[in-house]
Amino acid sequence: MSDIAKLQIGDNQYEFPLITGTENEVAIDIKTLRGATGGVTTIDPGYKNTGSCQSAITFLNGEEGILRYRGYSIEELAEKADFLEVAYALIFGELPTKEQLEKFHSDIKDKSIVDDDIKKIIDAFPKNAHPMGVLSSLTSALTAFNPSSVNVDSEEDMYNSVVKILGKFPVLVAWTMRKKQGLPLNYGSKSLGYVENVLKMMFEQPNEEYVQNEVLVNALDKLLILHADHEQNCSTSTVRIVGSSHAGLFASLSAGISALWGPLHGGANQAVLEMLEAIKEDGGDTKKYMAKAKDKNDPFRLMGFGHRVYKNFDPRAKIIKVAADEVLKELGVNDPILDIAKGLEQEALNDEYFVKRKLYPNVDFYSGIIYRAMGIPVEMFTVMFALGRLPGWIAQWREMRLGKEPIGRPRQVYTGENYRAFKDISNR
Ligand code: SDX
């Protein structure tokens with residue numbers, strides 16, 4: 001294939017270079033388009049056909065259902081790695097040696113204390129505040145208590161910011177949940193693994209010793225790995241564009257949390273459980289909800305189905321579906337919601353509307369069933385998604401800053417009024 005793209009506008013022809021990635025993805029480099037054509041730009045609502053950057057972190061192939069972090073397949077990472085190893089690989093590019101991982105975890109634990117005044121901010125929220133709003137606020141507030149984390153021009157500053165947020169974020173997650181439950185805001189223990197410590201902080205009861213449950217540890221570790229990154233999705237693109245103004249890491253992450261909150265994005269895992277509960281209350285009438293999902297006059301969508309990139313299947317959903325069966329069996333939980341979910345999936349996979357539009361279960365379809373079996377409240381599901389996505393957001397933000405990318409500032413096509421003279425109010 002030629003390495004240039006030709007564009008004809010009127011009597012003029014323009015040539016633009018083609019960029020080919022390491023997985024043979026091809027893009028037209030239009031950096032010179034506006035200048036070369038005297039002001040012509042492009043329009044692409046939702047950026048369905050537009051790449052925002054070149055990135056070496058995560059590769060997706062939506063047609064073949066492939067997902068790799070730094071070249072490692074999601075299937076192997078979910079099976080053989082732990083979450084902190086995956087976080088290290090996403091952020092720094094290589095799986096860590098034993099010594100590197102131990103130092104990384106030690107540095108994270110050393111930075112995992114949160115200024116106690118953060119509790120005054122949590123206290124100010126009403127108990128019914130959605131945890132994603134609380135978490136976004138607390139994450140942004142971290143900047144006030146850690147001002148040095150804004151200017152990360154040196155690798156050392158960058159590393160310090162990274163270990164600070166990886167240490168403090170799980171504390172904010174646990175405190176956000178426990179505040180709603182009226183439980184004391186505690187710390188875990190530096191003697192525990194990263195995921196074990198998250199569970200202890202979230203579930204420890206003040207009047208009894210917390211006993212780790214390996215089933216819960218392994219389930220959460222796998223779920224966090226599966227959520228860790230997903231190239232230029234809505235919330236990651238938000239983190240990158242906010243960071244491109246040289247806003248600090250914590251402020252950029254706070255914006256990403258807000259983007260993830262939306263029900264079309266990470267908020268879908270909560271919406272899936274609420275949808276499945278509604279179907280259960282409705283006597284398990286999945287056909288009624290399938291009809292609603294296909295009715296153009298009905299805003300209802302089958303939550304947890306469909307994806308901007310995956311037009312075959314979401315490899316994460318396949319792994320989570322198997323894990324859901326295993327975890328519920330190991331926990332001795334019999335949740336009719338899982339059977340409703342499987343029934344819905346089977347109906348959709350055989351329904352012309354869904355097949356034609358290539359709508360398959362995505363990462364959010366089964367994950368909430370495991371979170372619920374673990375005792376995590378449904379309003380905390382998207383917070384758990386954010387906890388998993390944290391290393392991916394960090395890795396993408398770090399790549400953007402180290403790559404010295406320009407501030408993100410898209411153009412537009414103006415469709416409003418042409419010039420008109422001001423009218424005095426007496427003449428309007
Ligand atoms: C995540 O981007 C990422 O990588 C995100 C994510 C990550 O890890 O970061 O993978 C995480 O956000 C997963 C997606 C979670 N969201 C949901 O489950 C919400 C339900 N799904 C949809 O709203 C939708 O599928 C999106 C938002 C996920 C994708 O939307 P697109 O790519 O913009 O597709 P579209 O809205 O243009 O839909 C194409 C057609 C439309 O019908 P027609 O106009 O062609 O007749 O498919 C229909 C849509 O109405 N459709 C659905 C549907 N999803 C799409 N119809 C019913 N139910 C659905 N779920």
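What is the make-up, by class, of the shell around the ligand: how many nonpolar, polar and charged residues? The shell has 10 nonpolar, seven polar and eight charged residues. In this classification Ala, Val, Leu, Ile, Met, Phe, Trp, Tyr, Cys and Pro count as nonpolar, Asp, Glu, Lys and Arg as charged, and the others, Gly among them, as polar.

The model is predicted, so that local features need pLDDT of at least 70 and side-chain atom pairs count only at pLDDT 80 or more, while totals for chains, interfaces and linings use all residues. Residues are numbered from 1 along each chain as its sequence is written, and side-chain values use heavy atoms, with hydrogens and water left out.

**Stop 1: the ligand**

Select the ligand and the 25 residues around it; a residue is near a molecule or strand if one of its heavy atoms lies within 4 Å of it. Of these 25, His230, His307, Arg308, Arg316 and Arg389 come nearest.

Next, display the polar contacts, which are pairs of N or O atoms within 3.5 Å; within protein, one atom must be able to donate a hydrogen and the other to accept it, and residues adjacent in sequence count only if both atoms are side-chain atoms. On His230, a polar side-chain atom lies 2.6 Å from an oxygen atom of the ligand. For Arg308, the distance from a side-chain N or O atom to a ligand oxygen atom is 2.8 Å. Tyr353 places an N or O atom of its side chain 3.0 Å from a nitrogen atom of the ligand. On its own the ligand has 1,000 Å² of accessible area, of which the protein covers 80%. Accessible areas come from the Shrake-Rupley method with a 1.4 Å probe; for residues, only the protein chains shown count as cover.

**Stop 2: the three-stranded sheet**

Move to the open sheet of three strands, in which the order is 1-2-3 and the pairing is antiparallel. Strands (E, at least two residues) and helices (H or I, at least four) are DSSP runs numbered from the N terminus, and two strands pair if DSSP finds at least two bridges between them. Strand 1 (4–9) and strand 3 (26–28) are the edge strands, each pairing on one side only.

Select strand 1 together with strand 2 (residues 12–20): six bridges join them in the antiparallel sense. Among the bridge partners, Ile4 is matched with Pro17, Ala5 stands opposite Phe16, and Gln8 has Gln13 as its partner. Two residues lie between the strands of this hairpin, and Gly10 in the turn has a positive phi of about 60 degrees.

Continue to strand 2 and strand 3, an antiparallel pair with three bridges. Here Thr20 stands opposite Val26. The hairpin has five residues between its strands, and Asn24 is in this loop. Phi of Asn24 is near 65 degrees, a positive value in a residue other than glycine.

**Stop 3: burial and exposure**

Colour by relative accessible area, where buried means under 20%, exposed over 50%, and partly exposed in between (1.4 Å probe, protein chains only). Asn24 is exposed, with a relative accessible area of 62%. Lys404 lies in the segment after helix 18 (381–402) and has a positive phi near 50 degrees, again in a residue other than glycine. Lys404 counts as exposed because its relative accessibility is 72%.

Finally, select Ser73 in strand 6 (residues 72–73). Is Ser73 buried or exposed? Ser73 counts as buried, because its relative accessibility is 17%. The C-alpha atom of Ser73 is 9.9 Å from that of Thr58, 15 residues apart along the chain.
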